[in-house]
Each structure stands twice: as structure tokens, then as C-alpha cells.
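Subject: Structure handover

Hello,

Here is the structure I promised to pass on. Please open it alongside this message.

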Amino acid sequence: MRILLIEDDPNLRASLVEALCREGYTVDAVAQAEQAGLPLRDVHYDALLLDIGLPGMSGLSLLGQLRARACAVPVLLITARDDWEDKVRGLDLGADDYLAKPFMLPELLARLRALLRRASANKLACVQLGALTLDMAERSASLNQQPLPLTRKEWALLLELALQSPRLVPKRKLIDSLGHWDRELSANAVELHVSRLRLKLAASRLKLETVRGLGYRLLEQAPVRPEAPASSSHDWR
């Protein structure tokens with residue numbers, strides 16, 4: 001995964017580059033929006049970390065230019081905590097998420113992972129797992145070819161589990177993925193959504209398994225084969 005970071009604070013920029021590289025990302029970093037034109041034109045980036053308060057051209061102006069020319073790179077805005085108007089304008093211009101300064105590094109990494117997952121999922125027409133179909137365009141679900149009613153949180157949870165199936169998804173990852181900005185989803189809320197999903201999937205061979213203390217995984221169970229009838233014995237004597 002290749003990330004472009006546009007941040008004018010040299011200390012923060014260096015720290016973020018080091019942390020992102022440690023997580024396995026390839027990172028290009030510049031200090032001004034004007035320096036990003038050539039890289040964005042010539043290189044494919046999986047995400048853009050964009051500070052709003054840049055010298056010269058602002059981050060919002062760059063974002064507007066990118067969306068005007070149909071550049072769909074996922075954008076995570078980095079904003080000052082009290083600039084709520086800039087947050088609203090950034091989202092209206094096409095930003096995918098925002099993070100207010102000062103922030104904790106684990107939160108930035110979690111938001112970046114969620115951003116990349118959503119971008120990857122949006123490239124798919126649908127996600128299929130056994131009798132379950134998740135339509136990405138309509139954000140709808142069907143089970144056994146019948147509509148499966150889901151809340152927004154249930155949809156997001158089921159999508160995450162289906163995309164990772166049959167791998168284990170840690171509970172902390174689900175909390176980070178489903179929490180919305182500054183309102184963190186509680187562990188109890190995740191357990192409640194899992195319980196409701198388990199009931200809705202009961203009519204299929206899909207099993208939403210809890211691995212105690214670790215997380216959850218969605219598995220497709222093999223069909224139960226009917227037992228072969230006992231063969232009759234004959235005494236030919």
C-alpha cells in the first residue's frame with residue numbers, strides 16, 4: 001500500500017512517515033499542496049493523508065481540485081480541533097474521513113486501515129459467501145436469495161466479517177471500524193450486534209463464531225450428509 005502524506009510540520013511529518021513505514025506502508029511525504037501535483041499525476045496512491053492548514057494552497061483547495069478532475073484517491077483530512085466548518089466543507093468536497101489534532105497514532109492507523117478497507121470493498125460489485133450476498137452499490141443483503149434486513153451497523157459488521165472470512169477478526173478491529181469519528185462503539189455493543197446477526201443467519205450454513213477473548217469469524221459450514229441406510233444382510237445357507 002502506497003500513501004501520500006501532505007503535512008507542513010516537519011516533526012509531525014517525520015514521525016508519521018516513520019510510523020507508517022513501520023506498519024508496512026510505502027510513504028511519500030511533502031510539505032506543501034503545490035508539491036503534490038506531480039506525484040498524484042504519475043503515481044497510484046492507495047490513500048492521501050492531507051493536512052488542511054498548509055502554507056500556500058490549502059488542503060481543502062487541493063481536495064477540491066482532485067475531486068473536480070475525478071481523482072478518487074481516498075482522503076483522510078487532518079484538521080485543527082476547533083475548525084468544525086473546515087471539517088464540514090472537507091466532507092462536502094469529497095473527503096472520506098477526518099482526524100482532529102492532536103491525535104493518537106493508533107487512532108490514525110485504525111482510521112487509515114478502515115479507509116483502505118472501504119476503498120477496497122467499493123471496488124467490488126458484490127461480496128458472496130455461501131448463501132449470503134452483499135450488494136456493494138445498493139448496500140443491501142440477501143440470504144438464500146431472500147432480502148436480509150440489516151441495520152447500518154449490522155451491515156458494516158457483516159461486510160467486515162465476510163471480507164475477512166474465514167479469518168478471525170479481532171474485536172478491537174471491529175470497534176475501530178464501526179466507531180464513527182469521536183463516538184467509539186463499545187465492546188458490549190459489538191457483542192449485541194453479533195448476537196442479532198447470528199439470529200438472522202440461523203437459516204443458512206453460515207456460522208458466526210465467537211473466539212472468546214479474541215474476536216469473531218464467519219464460516220460457511222459443510223452441508224450435513226444424510227447417513228447411508230444400513231445394508232440388509234441375508235443368510236444364503
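Below is what was found in it, from the whole chain down to a single residue.

The overall picture comes first. Please keep in mind that this is a predicted model. The protein chain holds eight helices and 12 strands. It has 237 residues, and 40% of them count as buried. Its accessible surface comes to about 13,900 Å². Carbon and sulfur atoms own 52% of that surface. Take the contacts in the chain with a separation of 6 or more: 53% of them join residues 24 or more positions apart.

Next, the salt bridges. The count is 13. Three pairs and one network are described here.

Start with D28 and R2. Their side chains meet in a salt bridge, at 2.9 Å from N to O. D28 sits in strand β2 (residues 26-30) and R2 in strand β1 (residues 2-6), so this bridge ties together parts that are 26 residues apart in sequence. Neither end is classed as buried: D28 is partly exposed, with a relative accessible area of 21%. R2 is also partly exposed, at 31%. D28 falls just on that side of the line, because buried means under 20% relative accessible area.

E18 and R22 form a bridge within one helix. Their side chains meet at 3.7 Å, N to O. Both residues lie in helix α1 (residues 10-22), four residues apart. That spacing is about one turn of the helix. E18 and R22 are both exposed.

The third pair is R67 and D96, whose side chains meet at 3.3 Å, N to O. This salt bridge links distant parts of the chain, 29 residues apart. R67 belongs to helix α3 (residues 59-68). D96 is in the loop between α4 (84-93) and β5 (97-101). With 37% relative accessibility, D96 counts as partly exposed.

As for the network, salt bridges link E7, D51 and K101.

Now to helix packing. How do helices α6 and α8 pack, in angle and axis distance? Helix α6 (residues 152-164) meets helix α8 (residues 187-200) at an angle of about 80°, and their axes are 10 Å apart. That makes α6 roughly perpendicular to α8, because angles of 65 to 115 degrees fall in that class. On the α6 side, the contact is made by K153, E154, L157 and L158. On the α8 side, H193, V194, R196, L197 and K200 take part. By class, the contact has four nonpolar, one polar and four charged residues.

Last, one residue in its surroundings: T79. It is placed in strand β4 (residues 75-80). Is T79 buried or exposed? T79 is buried, with a relative accessible area of 2%. Leaving out residues up to four places away in sequence, T79 touches I52, K87, Y98, L99, A100 and K101. One of these, K101, also belongs to the salt-bridge network with E7 and D51. The C-alpha atoms of T79 and G53 are separated by 7.3 Å, although the two residues are 26 residues apart along the chain.

To locate these places in the model, you could begin with the pair D28 and R2, go on to the contact of α6 with α8, and finish at T79 in strand β4.

Best wishes

Definitions and conventions:
Residues are numbered from 1 along each chain as its sequence is written. This is a predicted model: local features need pLDDT of at least 70, side-chain atom pairs count only at pLDDT 80 or more; totals for chains, interfaces and linings use all residues. Side-chain values use heavy atoms; hydrogens and water are left out. Helices (H or I, at least four residues) and strands (E, at least two) are DSSP runs, numbered from the N terminus. Buried means under 20% relative accessible area, exposed over 50%, partly exposed in between (1.4 Å probe, protein chains only). Contact means heavy atoms within 4.5 Å. Accessible areas come from the Shrake-Rupley method with a 1.4 Å probe; for residues, only the protein chains shown count as cover. A salt bridge is a side-chain nitrogen of Lys or Arg within 4 Å of a carboxyl oxygen of Asp or Glu. Axes are lines fitted to C-alpha atoms, for helices over the stretch in contact, and angles run from 0 to 180 degrees between N-to-C directions. Angles under 35 degrees count as roughly parallel, over 145 as roughly antiparallel, 65 to 115 as roughly perpendicular and the rest as oblique. Ala, Val, Leu, Ile, Met, Phe, Trp, Tyr, Cys and Pro count as nonpolar, Asp, Glu, Lys and Arg as charged, and the others, Gly among them, as polar.
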